[in-house]
Amino acid sequence: MGYQTEPVTDADLPYLRRCVDLAREALDDGDEPFGSLLVDASGAVVFEDRNRVKDGDQTRHPELEIARWAAAHLTPEERAGATAYTSGEHCAMCSAAHAWVGLGPIVYATSTAQLTAWLQGWGVAPGPVTPLPVGDVAPRTPTRGPAPELADEVRGLHARLHGVHDPA
């Protein structure tokens, strides 16, 4: 499709590290390891959340919660100027919600392609939704990622979730 993501910047890394911390918090609470932030145009974190799917509602992704919160609390201009940071690239559901509410860029620590490859390598069955990169769902949403310096840490969280000994 010709969609290109940009590299993560040094300024992105503190936000992405917080997302990984939130992902770890989710995993420690028995949930899937994903965490996300919404940062306004001035650089202030205005919303953060982590996965909350363990009780059966598989739509409780932090990226979807960001979109819902932003739609309720920010003007269209504020949404367009905000950046979503996340430990893992948005799924199709979350990419669509992000685009529909008019949020700005998405910056992710690890990509859909990375997670898909890890899960396949571990023999984990695919989920019910096709794993698509943001650009295939929301092609006008700018993206940055992945962050190579966070890949091993995020991979370790997913290995732990799936009970996999992963020496990589």
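A residue is taken as buried when its relative accessible area is under 20%. By this criterion, in the predicted model described here, Gly35, Leu37 and Val39 point one way from strand β1, Ser36 and Leu38 point the other way, and all are buried. Strand β1 is therefore largely enclosed by the rest of the structure, with five of its five residues buried.

Strand β1 belongs to an open sheet of five strands, in which the order is β2-β1-β3-β4-β5 and the pairing is mixed. The edge strands are β2 (45-50) and β5, each of which pairs on one side only. Strands β1 and β2 run antiparallel and are joined by five bridges. Within this pairing, Gly35 has Arg50 of β2 as its bridge partner, and Leu37 is matched with Glu48 of β2. The hairpin formed by β1 and β2 has five residues between the strands, and Gly43 in this hairpin takes a positive phi near 95°. On the β3 side, four bridges join β1 to β3, and these two strands also run antiparallel. Here the bridge partner of Val39 is Thr83 in β3.

The remaining pairings of the sheet are parallel. Strand β3 (residues 83-88) is joined to β4 by four bridges, with Tyr85 standing opposite Val107 in β4. The connection from β3 to β4 passes through helix α4 (residues 92-101), and this β-α-β crossover is right-handed. Strand β4 (residues 106-110) is mostly covered, five of its five residues being buried. Two bridges link β4 to the parallel strand β5 (residues 143-144), and Ile106 has Thr143 of β5 as its bridge partner. In the loop between β5 and α7 lies Pro146. The peptide bond between Gly145 and Pro146 is cis, with omega about -5°.

Helix α2 (residues 62-73) lies across β1, β2 and β3 and runs at about 25° to β1. Arg68 is found in this helix and is partly exposed, with a relative accessible area of 45%. Arg68 and Gly56 are 12 residues apart along the chain, and their C-alpha atoms are separated by 19 Å. Another partly exposed residue is Asp136, at 36% relative accessibility, which lies in helix α6 (residues 134-137). The C-alpha atoms of Asp136 and Ala92 are separated by 8.5 Å, with the two residues 44 apart along the chain.

In soluble globular proteins, nonpolar side chains tend to be buried together. In the present model the largest nonpolar core has 23 residues, and those with the most contacts inside it are Val8, Leu16, Val20, Leu37, Tyr85, Ala147 and Leu150. At least two residues of this core are supplied by each of α1 (13-28), β1 (35-39), β4, α5 (112-121) and α7 (148-161). Helix α1 gives the most, with seven residues. Another core, of 14 residues, lies apart from this one and includes Leu38, Ile66, Cys94 and Ala97. Leu37, one of the residues with the most contacts in the largest core, and Leu38, a member of the other core, point in opposite directions from β1. The contacts of Leu150, leaving aside its neighbours within four places in sequence, are with Leu16, Arg17, Val20 and Ala109; Leu16 and Val20 are also listed among the residues with the most contacts inside the largest core.

Helix α5 has Thr112, Leu115, Trp118 and Leu119 as its buried residues. Seen down the axis of α5, these fall within an arc of 130°, so they line one face of the helix. Their covering includes β4 and α7. The other side of α5 carries Ala113, Gln120 and Gly121, which are exposed. Following α5 is Gly123, with a positive phi near 75°.

Note on methods. Residues numbered from 1 in each chain as written. Predicted model: local features only at pLDDT ≥ 70, side-chain atom pairs only at ≥ 80, totals over all residues. Heavy atoms only, no water. Buried < 20%, exposed > 50% of the residue type's maximum accessible area, 1.4 Å probe, protein only. Pairing = 2+ DSSP bridges. Right-handed = clockwise from strand over helix to strand, strands pointing away. Core = buried A, V, L, I, M, F, W, Y, C linked by side-chain atoms within 4.5 Å. Contact = heavy atoms within 4.5 Å. Arc of directions from axis to C-beta. Axes fitted to C-alpha atoms, helices over the stretch in contact; angles between N-to-C directions.
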